[in-house]
Amino acid sequence: MNLRADFHTHTTFCDGKNTPRQMTEAAFRRGLTDFGISGHGDYSFCEPGFGMNDRALEEYRRELELLREEYRGKMNLYIGIELDCLGPVQQAEYSIGSTHCVEKNGEFISVDDTEEKLTEAVDRLWKGDWYAFIRDYYELEATVWDRTRCTWIGHFDLLTKFNEDGKYFDETCDDYLEPALAAMKYLQQAEVPFEINTGAIGRKYRTAPYPSSILLRELCRMGGRIIINSDSHSTEHICGSFQLAQKLAWDCGFRRVSVLKPGGGFREIEL
């Protein structure tokens, strides 16, 4: 299957490199039928602060509404927002619920800013105990739908961004899997899809999408649904590594993928 839809993308309204027009034009040139832009909500509470305050969000909506009219009948354009678990709940047509940071001793620690900042924080605040940090992350991640009422769960295991080849912790051991699967099981009750996210591949942090194959197999056994997105921050990464993501999904037991449809809700298409 050639998946022609991508709903997790960023522009110059937050930390993306290209404007909404440039991203939309690139998506159309790639032959997409459905394309969503999902600017970060207000992330000013955590370093490095970025995202859209309420005024910027209004401007963002207006610009995307104009682009949608321009592309009507050619490509479906959707207006989304990526909400952080600890941030304000702002409104758009759809929302991605993500956990980008963890609060510890009054500090907000980003899990995906830089490797150096994260390892320093784990050493200082968790006394070098990565599994204690993991437990705190997944306890918070389990609340992302309760806090945001998101349309789907974004990059569930984002905390593994810098852990390629088990550099800091073992993603196959019980100390990791027990809190991860407890969070997944709780979130599955919300009956929203989990995102297979290829963004860290394009940015050279990982060679495989989020979530890991172990977690995806468990999600499939739970009867969970998936949506595939690029988390692209530039035009060249729209739909990046989708073939790899689709193969991963198939190998983990999934036979359908969720895609947004105009007017709200999802349709399920065959992998």
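A residue is called buried here when its relative accessible area is under 20%, exposed when that area is over 50%, and partly exposed in between, with a 1.4 Å probe and protein chains only. By that criterion Trp130 is buried, with a relative accessible area of 10%, and Phe133 is buried at 0%.

The model is predicted, so local features need pLDDT of at least 70 and side-chain atom pairs count only at pLDDT 80 or more, while totals for chains, interfaces and linings use all residues. Residues are numbered from 1 along each chain as its sequence is written, and side-chain values use heavy atoms, with hydrogens and water left out.

**Aromatic pairs**

A search of the whole structure finds 19 aromatic pairs, where rings of Phe, Tyr and Trp (its six-membered ring) pair if their centres lie within 6.5 Å, and planes under 30 degrees apart count as stacked, over 60 as edge-to-face and the rest as tilted. The pair of Trp130 and Phe133 is edge-to-face because the planes stand at 85 degrees, with the ring centres 5.8 Å apart. Both residues lie in helix H4 (residues 130–141), 3 residues apart, about one turn of the helix; helices (H or I, at least four residues) and strands (E, at least two) are DSSP runs numbered from the N terminus.

Phe156 and Phe194 also form an edge-to-face pair, 5.7 Å centre to centre with 65 degrees between the planes. Phe156 lies in the loop between strand E7 (152–153) and helix H6 (174–188) and Phe194 in strand E8 (residues 194–197), so this pair ties together parts that are 38 residues apart in sequence. Both Phe156 and Phe194 are buried. Ring pairs join these four residues into a cluster whose members also include Trp126, Tyr137 and Tyr168.

**Pockets**

A pocket is an open set of points on a 1 Å grid over the protein atoms alone, where a 1.4 Å probe fits, with protein on both sides within 12 Å along at least five of seven lines; lining residues have an atom within 4 Å of a point. Grid points are joined across faces, edges and corners, and a volume is the space filled by probe spheres set on the points.

| Pocket | Volume | Closest to its centre |
|---|---|---|
| Largest | about 370 Å³ | Asp15, Asp112, Lys161, Arg203 and His233 |
| Second largest | about 270 Å³ | Tyr78, Glu93, Lys261, Pro262 and Gly263 |

The largest pocket is lined by 23 residues, and the second largest by 17 residues. Strand E3 (residues 76–84) gives the most to the lining of the second largest pocket, with 3 residues.
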